[in-house]
Amino acid sequence: MYPIWIKITNFVLNIIHNQIELTMKADVKNTMQIHSRAKVDFYKTYLERYVAILCQSQYIRHIRIYDVFCGMGIYEDGGKGSPFVAYDTIKGIYDAHQIANNTEITLTVNDISSERISKVCEYIDSHKHPYCIVRPFNLDVSQLFEKILPEISSTPKDTRNLVFIDPYGYKDIKKELLINLMKNGRTEVILFLPVSHMQRFTNVAMQDEYSITQYEPLRNFVYSFFPDEHHPIRQNTVKAKDYIQYIADALKFGNQYFATSYYIERDKANYFALFFISSSIFGFEKILEMKWKLDEEHGGGFKLPEATGNLFAEEFALEAKTENARKLKRILETALKQPRTNKDIYEFVVRNEFLPKHANEVLKELQNTNSKFKVVDLVSGKNARKNAFYLSYKQYNSEPVVKMQIES
């Protein structure tokens, strides 16, 4: 039996939990909230890169995009949701690039609400273009995955998948599901989670295993992704941003995949987060480019704009960039205590969620200020041309060109 104070606490938290869920649902009915716009902007910006690059590849002939919980098509205030943004983005890419190859794009949209799917279909029917095949479904998520998992699992070499999962909560997010989506090596996943909500109720979910069943989905999520009972999340000792980072680390599945997060500030006390999973370092670099474009200071997430502005915004931005450069310099100096090829450094930089252009600037500084930093051409055995570090995905796919080290 639980002490009376725990029961009272759980009762109060239960009321709060229900109120939060009602508020979250009410928010999406009529107007597009600022955090929802940030989420859709993230999705749109990545699609612009993802679709354009794949459409211009001679090796890719089919792109399949799955919007599992497509939700509202257009809000009452005119804001466009994910299905319309995806459809418009595909058209815009074809029009802008005048793509003439035979790449076929399939957009699968699904929602349990037949009214929402009807609105999506109405919009698409009134904006038809030949670039995209649309498959609408009105299914429970488990039924949808029963339908699409076989085709994702058998993805041919000339096809790539992007699965956008924006659930109403987290109860449908299972570790086994994500593993099944990823294991073919030709799929990328964007997942949206209400992190502050999860973090706020993790403690009571872990304590009260039997009396309140509504916490069972959260318990199952925590148990599956964080099996170690001593993990900080299990001990309820982490703040929302740390919670986000732990989930991103767990989604790497023991470094089988690349994973990162993008936080979205709803207000000063609440965060949502998007998580990106890929088996391709190239796809991962593209998402990092997008993150740094959306958040030039940290490449980390979306913050609410300050109501009164900030007189020192430029100074703070410069300070943030300087601190990021120092952080990357420390990382590279540690790595370069041993000889590393340009391929090693490229992967090392990307896994640490920086871009090759960031590393190039740090390496240039090292070359100018540290006489012990050596860059050697692997063919000639002599010093390489100055400022030539060959950090790119193209070079990563080729034989190493240079070797670097800070000699002791």
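User: Is Glu 115 buried or exposed?
Analyst: In this predicted model, the relative accessible area of Glu 115 is 53%. The cut-off for exposed is over 50%, so Glu 115 falls in that class: exposed.

User: With which residue does Lys 119 form a salt bridge?
Analyst: Lys 119 is partly exposed, at 37% relative accessibility. Four residues separate it from its partner within helix α4, which means about one helical turn between the two. The closest N and O atoms of the pair are 3.7 Å apart, and the partner is Glu 115.

User: At about what angle does helix α4 run to β3?
Analyst: Helix α4 covers residues 114–126 and lies across two strands, β2 (104–110) and β3. Relative to β3, the helix runs at about 160°.

User: What is the order of the strands in the open sheet?
Analyst: The sheet has eight strands, and their pairing is mixed. Read across the sheet, the order is β3-β2-β1-β4-β5-β7-β6-β8.

User: Which strands stand at the edges of that sheet?
Analyst: An edge strand here has a single partner strand, so one side of it is left without a neighbour in the sheet. Two strands fit this description, at residues 132–137 and 301–302. They are β3 and β8.

User: How many bridges join strand β5 to strand β7?
Analyst: β5 spans residues 187–193 and β7 spans residues 270–278; the two run antiparallel. Among the bridge pairs are Phe 192 with Leu 274 and Leu 193 with Ala 273. The number of bridges joining β5 to β7 is five.

User: Over how many bridges do β6 and β7 pair?
Analyst: A hairpin of two residues joins β6 to β7. One of the bridge pairs is Tyr 262 with Leu 274 of β7. The pairing of β6 with β7 is antiparallel, and the bridge count is nine.

User: Which residue in β7 is the bridge partner of Tyr 262?
Analyst: The residue asked for lies in β7 and is buried, on a face with Asn 270, Phe 272, Phe 276 and Ser 278. In β7, Phe 192 has this residue as its bridge partner. The partner of Tyr 262 is Leu 274.

User: How many residues of β7 are buried?
Analyst: One side of β7 carries Asn 270, Phe 272, Leu 274, Phe 276 and Ser 278, which are buried. The other side carries Tyr 271, Ala 273, Phe 275 and Ile 277, also buried. Both faces are covered, and the buried count is nine of nine.

User: How are α7 and α9 oriented to each other, roughly parallel or roughly perpendicular?
Analyst: The axes of α7 (residues 195–207) and α9 (residues 240–250) come within 9 Å and cross at roughly 100°. An angle from 65 to 115 degrees counts as perpendicular, so the two helices are roughly perpendicular.

User: How many charged residues has the contact of α7 with α9?
Analyst: From α7 the contact uses Val 195, Ser 196, Met 198, Gln 199 and Thr 202, and from α9 it uses Ala 240, Tyr 243 and Ile 244. By class there are five nonpolar and three polar residues. The number of charged residues is therefore none.

User: With which residue does Lys 252 form a salt bridge?
Analyst: Lys 252 sits in the loop between α9 and β6 (258–267) and is buried, with a relative accessible area of 18%. Not counting residues up to four places away in sequence, Lys 252 touches Tyr 257 and Ala 259. The salt-bridge partner is partly exposed at 34%. The closest N and O atoms are 3.5 Å apart, and the partner is Asp 249.

User: How many residues apart are Glu 289 and Arg 49?
Analyst: The side chains of Glu 289 and Arg 49 meet in a salt bridge of 3.8 Å, N to O. Glu 289 is in helix α10 (residues 281–294) and Arg 49 is in helix α2 (residues 34–55), so the pair links distant parts of the chain. Both are partly exposed, Glu 289 at 23% and Arg 49 at 22%. Their separation in residues is 240.

User: Which residue is linked with Arg 49 and Glu 289 in a network of salt bridges?
Analyst: A search of the whole structure finds 16 salt bridges. Arg 49 and Glu 289 form one of them. The network that holds this pair also includes Lys 286.

Technical notes
Residues numbered from 1 in each chain as written. Predicted model: local features only at pLDDT ≥ 70, side-chain atom pairs only at ≥ 80, totals over all residues. Heavy atoms only, no water. Pairing = 2+ DSSP bridges. Contact = heavy atoms within 4.5 Å. Axes fitted to C-alpha atoms, helices over the stretch in contact; angles between N-to-C directions. Parallel < 35°, antiparallel > 145°, perpendicular 65-115°, else oblique. Nonpolar A, V, L, I, M, F, W, Y, C, P; charged D, E, K, R; others polar. Buried < 20%, exposed > 50% of the residue type's maximum accessible area, 1.4 Å probe, protein only. Salt bridge = Lys/Arg side-chain N within 4 Å of Asp/Glu carboxyl O.
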